[in-house]
Amino acid sequence: MARKSLREQSLEQALQQMERDKARLERRLAGLEEKLSTTLDGTGLRLWQLEVPSGKLTIFNYRWGRMLGYQPGELNAHFDVWREHLHPEDRDEVLANLNDHLEGRTEVYQVVHRMLARDGSITWVADRGRVVERDEHGNALRLLGTHTDISHEKDYESRLNALASTDALTGLANRQAINSWHQRPLADDSALIFIDLDGFKQVNDQFGHRAGDEVLVLVAHGLNDELHRLGIHHHLSARFGGDEFLFQLPRMSLPRVEHIARRWLERFAHPLEISGGLGRIGLSIGICFGRDADNRFGLALERADQAMYRVKHHGKHGFRVHAPVEYSSCEYQASNLEASASRLPSWLHPQPAPTSKPAPASQSPPRQQAASAGTEPASAESAGTEPADTERGDSVSADSESADARAKEEK
């Protein structure tokens, strides 16, 4: 019995020593995990492991769900839960990339995607992993990887893109943003509207460039304000350059576009209060529908620009809708704002139409040629030639010309 007691005592001592060793190892392991977690946190990396057969997911340096706004224990660390929180637009791409790696078609799993947080916000994640264990048949058993929350980088990238595509003065889109509009076809009922300010040079000469900047800001805000008052919010607006503006309005009819143009003309028929006095400007507006430009943005821009030029040459402060030859003037004739000479500054009084022969319809006005060549467009007054356009109409008269009158004028 005594020997047995000594043996048991010896075993108990050995067991106690093993427990102390285990506790010491656990403390060392916890210290190493803490150091690893701190290191990974400092780099923004989060280490994860996926046990493929069971779907168990382990996040080593962050409790699962914290990144998505959940408290510890609210979400199960499982592959199905992770999959449910993938952004719907990214889910197929992410799972396809993961499946390609698990089946050995790619050397590494790597993808940038979005995840949905608890409050519906989006978290951008750079995800990367590699299979570290396979069975005798080559099936993946364990996948080890990292993911990084790159939401701040994405936000910064978005802000940079916004700054690069936004006019710093007016807050509208700039020429670089307009380049992206070219990539999408223009719908049949989308109206592209080209606006050039009348009398802007006089404002600059009389009051200075700072006052000119004030005018541009007032015009940009005023144009959009009228659209918002009419319930039009889903449109594109840009400062094309200098004192030129471009609008793309979806789901438009001809009467509605004419109504919008009249509202704009009425708003800016009165002087603007600027530093140093009152600035008088007008609007020359050219309009083209997508259906009248083969749904090509570039062609619609050219034809809207031509229509705007016609307004410049027929008295200014009016609008004109481009109409193809096959349409009758009654169907597509633009009706411009009726404004008495007393309401307009002297340089906005109706001017007689030029007698020079119009340029061929296939020839672009000088400003369009300059724009396509990447140079600064010339002003309407300095263009010297009347641009080609298929439709006709006085820029300040509400009466449409008859076909005979148009033929007589051209003759």
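Here's a quick tour of one sheet, the helices packed on it, and some ring contacts. Keep in mind that this is a predicted model. The sheet to look for is an open one of 5 strands, and the structure also holds 4 aromatic pairs.

**The sheet**

- The strands of this open sheet come in the order 7-8-6-11-12, and their pairing is mixed.
- Strand 7 and strand 12 (318-321) sit at the edges with a single partner strand each, so each has one side left without a neighbour in the sheet.
- Going from one strand to the next, the twist averages 20°.
- Strand 11 (residues 282-289) and strand 12 run parallel and are joined by 4 bridges.
- If you want a spot to check there, I285 stands opposite F319 in strand 12.

**Helices on the sheet**

- Helix 7 lies across strand 6, strand 7, strand 8 (244-249) and strand 11, and runs at about 15° to strand 8.
- Helix 8 (residues 254-267) packs on the sheet too, where it touches strand 6, strand 8, strand 11 and strand 12. The direction of helix 8 makes about 165° with that of strand 11.

**A closer look at helix 7**

- Helix 7 covers residues 209-229, which is 21 residues. From first C-alpha to last it reaches 30 Å, close to the 30 Å expected at 1.5 Å a residue.
- Its buried residues include A211, V215, L216, V219, L223 and L227, and also N224 and E226.
- Just after helix 7 comes G231, which takes a positive phi of about 80°.

**Aromatic pairs**

- One pair is F79 with W82: the ring centres are 5.4 Å apart and the planes meet at 40°, so the pair counts as tilted.
- F79 and W82 both belong to helix 2 (residues 79-84), and because they are 3 residues apart, about one helical turn separates them.
- F79 counts as buried because its relative accessibility is 18%, under the 20% cut-off. W82 counts as buried as well, at 9%.
- Another pair is F194 with F240, with ring centres 5.1 Å apart and planes at 65°, so this one is edge-to-face.
- F194 is in strand 6 (residues 191-198) and F240 is in strand 7 (residues 236-241), so the pair ties together parts that are 46 residues apart in sequence.
- Both F194 and F240 are buried.

**Charges over rings**

- F240 turns up again here: the charged end of R175 sits over its ring, 4.1 Å from the centre.
- Elsewhere, the charged end of K154 sits over the ring of W124, 4.5 Å from the ring centre.

Key. Residues are numbered from 1 along each chain as its sequence is written. This is a predicted model: local features need pLDDT of at least 70, side-chain atom pairs count only at pLDDT 80 or more; totals for chains, interfaces and linings use all residues. Side-chain values use heavy atoms; hydrogens and water are left out. Helices (H or I, at least four residues) and strands (E, at least two) are DSSP runs, numbered from the N terminus. The expected span of a helix is 1.5 Å times one less than its number of residues. Buried means under 20% relative accessible area, exposed over 50%, partly exposed in between (1.4 Å probe, protein chains only). Rings of Phe, Tyr and Trp (its six-membered ring) pair if their centres lie within 6.5 Å; planes under 30 degrees apart count as stacked, over 60 as edge-to-face and the rest as tilted. A charge sits over a ring if NZ of Lys or CZ of Arg is within 6 Å of the ring centre and within 35 degrees of the ring normal. Two strands pair if DSSP finds at least two bridges between them. Axes are lines fitted to C-alpha atoms, for helices over the stretch in contact, and angles run from 0 to 180 degrees between N-to-C directions. Contact means heavy atoms within 4.5 Å.
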